[in-house]
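Biologist: I should like to become acquainted with this structure step by step. May I put some questions to you about it?

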Amino acid sequence: MQKPTIAIIGPGRAGSALGRALYQAGYTVAAIGGRNPDNVRNLADELGAKACQSPATTIDLADLTILAVPDDVILSLATEMVDSLCSAAGHAAVHLSGAQNRAALRPLAQQGSLRTGVFHPLQTFRRGAEAVQNVAGTYFGIEADPPLREQLMQLARDLHGHPFDLSGIDLALYHAAAVFAANYPTTLLAEAITLAVEAGLPAETARQGMTTLLAGAVNNLRELAPAEAITGPASRGDQGTVERHLEALKRDPQLQRLYRLLADRTKLLSSNKEAAA
Ligand SMILES: NC(=O)c1ccc[n+]([C@@H]2O[C@H](COP(=O)([O-])OP(=O)(O)OC[C@H]3O[C@@H](n4cnc5c(N)ncnc54)[C@H](OP(=O)(O)O)[C@@H]3O)[C@@H](O)[C@H]2O)c1
């Protein structure tokens, strides 16, 4: 299958990571578009692409345009792009959001033969060049009709990723699941570091120690189901220790409530394992 040429609108976290990974995988990144001229030019120069200062015109420069802009911008940008489109023939556009289906691109889909889809990396990308390291191994949720569907599946495989079908999936629930997996553990880690510092640990020891602890838990989860991997007082039934934690958290009632909720869900998780045994 011939590799489509790529345009990326939005050289932010996800757009830059995917742009770099596609470039490394041998794709031609023909154009970068966006609103900040410096960000657009920097990524375009790095990937040998044309820098487009008007994001809407980017679509004419490549076979496949990736809208890597915030979720709330997708529909308005797609609407803008329709006015700048010279020819729909042979072009396709996808967005990267896991929270919206391809209806967000309907102004473009209404342009005759222009194909639209969703290409959602089930991954978390930071700012900066290091983000590309997270691309390999990523699961990519795909919603598109053939032949764009096959093209996106191949794109995911060329990125050393795993494509899966997003059509018919409840996207609100699916995206909430992704937020539970990637975002809230980060919020919980921030709370853990703050508590460890309040307890008296030096800040750097707290940050490194707690982050290594989280990495250990993730490591265990690579091979074990959550019910098998879970450790700690709530899963062991050490209620005395749980009560001491709740007492120590009394000064922050909201955090104490969060701890209690998580302890209850952890007990449930452990009891499910026992029931299955
Ligand atoms: N980051 C992740 O971990 C991740 C993972 C999976 C999916 N996604 C999806 O990827 C998409 C982008 O998210 P992100 O985290 O990469 O966001 P981001 O880092 O904030 O980057 C957004 C990019 O869009 C540009 N932009 C913002 N408003 C614009 C507009 N009105 N017109 C043109 N360009 C505009 C920004 O311009 P500036 O350069 O001026 O800031 C920036 O380059 C979202 O749909 C998100 O759901 C993100």
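The following exchange concerns a predicted model.

Biologist: How many helices and strands does the protein chain have?

Modeller: The model is a predicted one. Its C-alpha trace spans about 70 × 40 × 30 Å along the principal axes. The secondary structure of the protein chain comes to 12 helices and 8 strands.

Biologist: What separation lies between the centres of domain 1 and domain 2?

Modeller: The domain assignment divides the protein chain into domain 1, residues 6-169, and domain 2, residues 180-276. The centres of domain 1 and domain 2 are taken over C-alpha atoms, and the separation is 37 Å.

Biologist: What share of the contacts between residues at least 6 apart in sequence joins residues at least 24 apart?

Modeller: The protein chain has 277 residues, of which 31% are buried. For contacts between residues at least 6 apart in sequence, the share that joins residues at least 24 apart is 56%.

Biologist: Which strands are the edge strands of the sheet?

Modeller: The open sheet has 8 strands with mixed pairing, in the order β3-β2-β1-β4-β5-β6-β7-β8. An edge strand here pairs on one side only, and this holds for β3 (50-52) and β8 (162-165).

Biologist: By how many degrees are neighbouring strands of this sheet turned against each other on average?

Modeller: The sheet in question is the open one with mixed pairing. With direction ignored, its neighbouring strands are turned against each other by an average of 25 degrees.

Biologist: Which residue in β2 stands opposite Ala7?

Modeller: Ala7 belongs to strand β1 (residues 6-9), where Ile6 and Ile8 are buried on one side and Ala7 and Ile9 on the other. In a regular strand, side chains alternate between the two faces of the sheet. Strand β1 pairs with strand β2 (residues 29-33) in the parallel sense, over 4 bridges. Opposite Ala7 in β2 stands Ala31.

Biologist: Is strand β6 largely enclosed or largely open?

Modeller: The answer rests on how many of the residues of β6 are buried. Of its 8 residues, 7 are buried, and therefore the rest of the structure leaves β6 largely enclosed.

Biologist: Which residue in β6 is the bridge partner of His95?

Modeller: Strand β5 (residues 92-95) runs parallel to strand β6 (residues 115-122), and 4 bridges join them. Within this pairing, Ala93 stands opposite Thr116. For His95, the bridge partner in β6 is Val118.

Biologist: Which residue in β7 stands opposite Gly117?

Modeller: β6 and β7 run antiparallel and are joined by 6 bridges. Opposite Gly117 in β7 stands Ala144.

Biologist: How many residues does the largest nonpolar core have?

Modeller: In soluble globular proteins, nonpolar side chains tend to be buried together. Ile6, Ile66, Ala68, Ile142 and Leu152 have the most contacts inside the largest nonpolar core. Beyond its neighbours within four places in sequence, Ile142 is in contact with residues including Val118, Phe119 and Leu152. The number of residues in this core is 54.

Biologist: Which element supplies the largest share of the shell around the ligand?

Modeller: There are 25 residues around the ligand, and those that come nearest are Gly10, Gly12, Arg13, Ala14 and Asn36. At least two residues of the shell are supplied by each of α1 (13-24) and β6. The largest share, 3 residues, comes from α1.

Biologist: Which residue does a cis peptide bond join to Pro146?

Modeller: Most peptide bonds are trans. Here omega is about 5 degrees for a cis bond. The partner lies in the loop between β7 (139-144) and α5 (148-158). The residue joined to Pro146 is Pro147.

Biologist: Is His160 buried or exposed?

Modeller: His160 is found in the loop between α5 and β8. Although His160 is not a glycine, its phi is positive, at about 60 degrees. Because His160 has 12 other C-beta atoms within 10 Å, it is classed as exposed.

Biologist: Why does Leu201 count as partly exposed?

Modeller: Leu201 lies in the loop between α7 (184-199) and α8 (203-221). Apart from residues up to four places away in sequence, Leu201 touches Ala196 and Ala206. A residue is buried with 20 or more other C-beta atoms within 10 Å and exposed with 12 or fewer. Leu201 counts as partly exposed because its C-beta neighbours inside 10 Å number 15.

Biologist: How far apart in space are Leu201 and Glu247?

Modeller: In sequence, Leu201 and Glu247 are 46 residues apart. In space, from C-alpha to C-alpha, Leu201 and Glu247 are apart by 20 Å.

Terms used
Residues numbered from 1 in each chain as written. Predicted model: local features only at pLDDT ≥ 70, side-chain atom pairs only at ≥ 80, totals over all residues. Contact = placed C-beta atoms within 7 Å. Pairing = 2+ DSSP bridges. Axes fitted to C-alpha atoms, helices over the stretch in contact; angles between N-to-C directions. Core = buried A, V, L, I, M, F, W, Y, C linked by C-beta atoms within 7 Å. Domains from an automatic or database assignment. Near = placed C-beta within 6 Å.
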